[in-house]
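Biologist: Could you take me through one part of this model closely? I would like to hear about the loop that helps shape the main pocket, and then about what lies around it.

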Amino acid sequence: GYLVHSAAVAKHLGFDEDGAHHSEAESAVSSIVMDYCNPFGRRKLLEGDVSVAPRSSYVPVSRHKDWYDGHSWASGLFSLQNGKSQESISEAAHSYYGAALWGSVTGDPELRDFARLALALEVRAGRHYWRVSDQQGVYKGMRPFSSDHAIVGVVGALDVSSRTWFGEAAAYAVLINCLPFSPATARVGGFLRGDLSAPAAFAARIYKAASEGLPPVSGVRVPDAPKTSGSTPGDQYDAAQGPWRSLLVLLRAVGDAEGAVADIEALASSDAAPALDSTLSLATMLWWASTRPPSPVVVVSEPNVTSSVKVEASCAA
């Protein structure tokens, strides 16, 4: 998804106008897309249409997508005790968003619409299986899980987990299911918009869950700040001050753009260079925060959340 999205943007902006390696590069990107989003394979296999690309029969119609559950699976051919699982619903959605963009910029309406369908189902399944509410939805009344968590870290075929495979910090479970932040986050009816039980701020709710107990974005690291597990030095990937914190600022911008801009300004004025995610710069973070739609102040009353927060006006529709 990351590669396909980047290629679609580059093609749209005209970076291939000189024609250098254009055909070779476009063919390579199309092969990547076909590996996971392949409407042509269906036509060739089920309808006998031999006019489509010959390679389309070499790969599945949709390698990762489960059309019954609606979302994708990330475990490939591995045998797992509790069935297949998926950790980042947002990355799966982003992959279909990238495929839809590629279909648009290459003049392929069949690929574009097939990818949009896959994206819509991914988002719908994300709302159903990843969001946690004690009031309604599949986790209704499942305490203490439904009252202690705002989002699922990993959804498996036979279980769910509030943690991730790389750590237990709430910020990890929230942000792994938000990144990457792109126009799809807030413009394609994405996973972060709306809420299970109120026309309010799911983005603000999970931001609160992820940031609770963390120091100010420009502050020093506190002794009990959550860290990743394993051998990676905790200070380098600290959920409070490391690359994850920069992603948390982007999440804040979805519901509170002014607060996110203040955080970015604090990072820019710090004595030490901020430890940003490798995909980000202060400039890109500022662009993201400053281009979010205006957000009226609303009051969210949910389990574990009673506070004044900001949300997108479009969420209240």
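Modeller: Happily; here is a walk from the pocket to the loops, the salt bridges and the sheet. This is a predicted model, in which local features need pLDDT of at least 70 and side-chain atom pairs count only at pLDDT 80 or more, while totals for chains, interfaces and linings use all residues. Residues are numbered from 1 along each chain as its sequence is written, and side-chain values use heavy atoms, with hydrogens and water left out.

Let us start with the pocket. The largest pocket has a volume of about 670 Å³. Here a pocket is an open set of points on a 1 Å grid over the protein atoms alone, where a 1.4 Å probe fits, with protein on both sides within 12 Å along at least five of seven lines; lining residues have an atom within 4 Å of a point. Its volume is the space filled by probe spheres set on the points, which are joined across faces, edges and corners. The lining of the largest pocket holds 23 residues, and Tyr-2, Pro-180, Phe-181, Thr-279 and Leu-280 lie nearest its centre. Two or more lining residues come from each of α1, α10 (243-255) and α12 (282-290); helices (H or I, at least four residues) and strands (E, at least two) are DSSP runs, numbered from the N terminus. By type, the lining divides into 16 nonpolar, six polar and one charged, where Ala, Val, Leu, Ile, Met, Phe, Trp, Tyr, Cys and Pro count as nonpolar, Asp, Glu, Lys and Arg as charged, and the others, Gly among them, as polar.

Pro-180 brings us to the loop between α7 and α8. The peptide bond from Leu-179 to Pro-180 is cis, with omega near -5°. Asn-177 also sits between α7 (170-175) and α8 (183-187). At 0% relative accessibility, Asn-177 is buried (under 20% is buried, over 50% exposed, and in between partly exposed, with a 1.4 Å probe and protein chains only). The side chain of Asn-177 makes a polar contact of 3.2 Å with that of Trp-130; such a contact is a pair of N or O atoms within 3.5 Å, where within protein one must be able to donate a hydrogen and the other to accept it, and residues adjacent in sequence count only if both atoms are side-chain atoms.

Another cis peptide bond joins Arg-143 and Pro-144, with omega about 10°, and Pro-144 is in the loop between α5 (109-129) and α6 (145-148). Arg-143 forms a salt bridge with Asp-134, their closest N and O atoms being 2.4 Å apart; the term means a side-chain nitrogen of Lys or Arg within 4 Å of a carboxyl oxygen of Asp or Glu. Asp-134 is buried at 7%, whereas Arg-143 is exposed at 60%.

The whole structure has eight salt bridges. One of them pairs Glu-26 with Lys-11 at 3.3 Å, N to O. This pair links helix α2 (residues 22-36), which holds Glu-26, to helix α1 (residues 2-12), which holds Lys-11, across 15 residues. Elsewhere, a network of salt bridges links Arg-112, Asp-113 and Arg-116.

Finally, the sheet is open, with three antiparallel strands in the order β1-β2-β3. β1 (85-86) and β3 (160-161) each have a single partner strand, so one side of each is left without a neighbour in the sheet. Strands pair if DSSP finds at least two bridges between them, and β2 (residues 154-156) meets β3 over two bridges. Val-154 has Ser-161 in β3 as its bridge partner.
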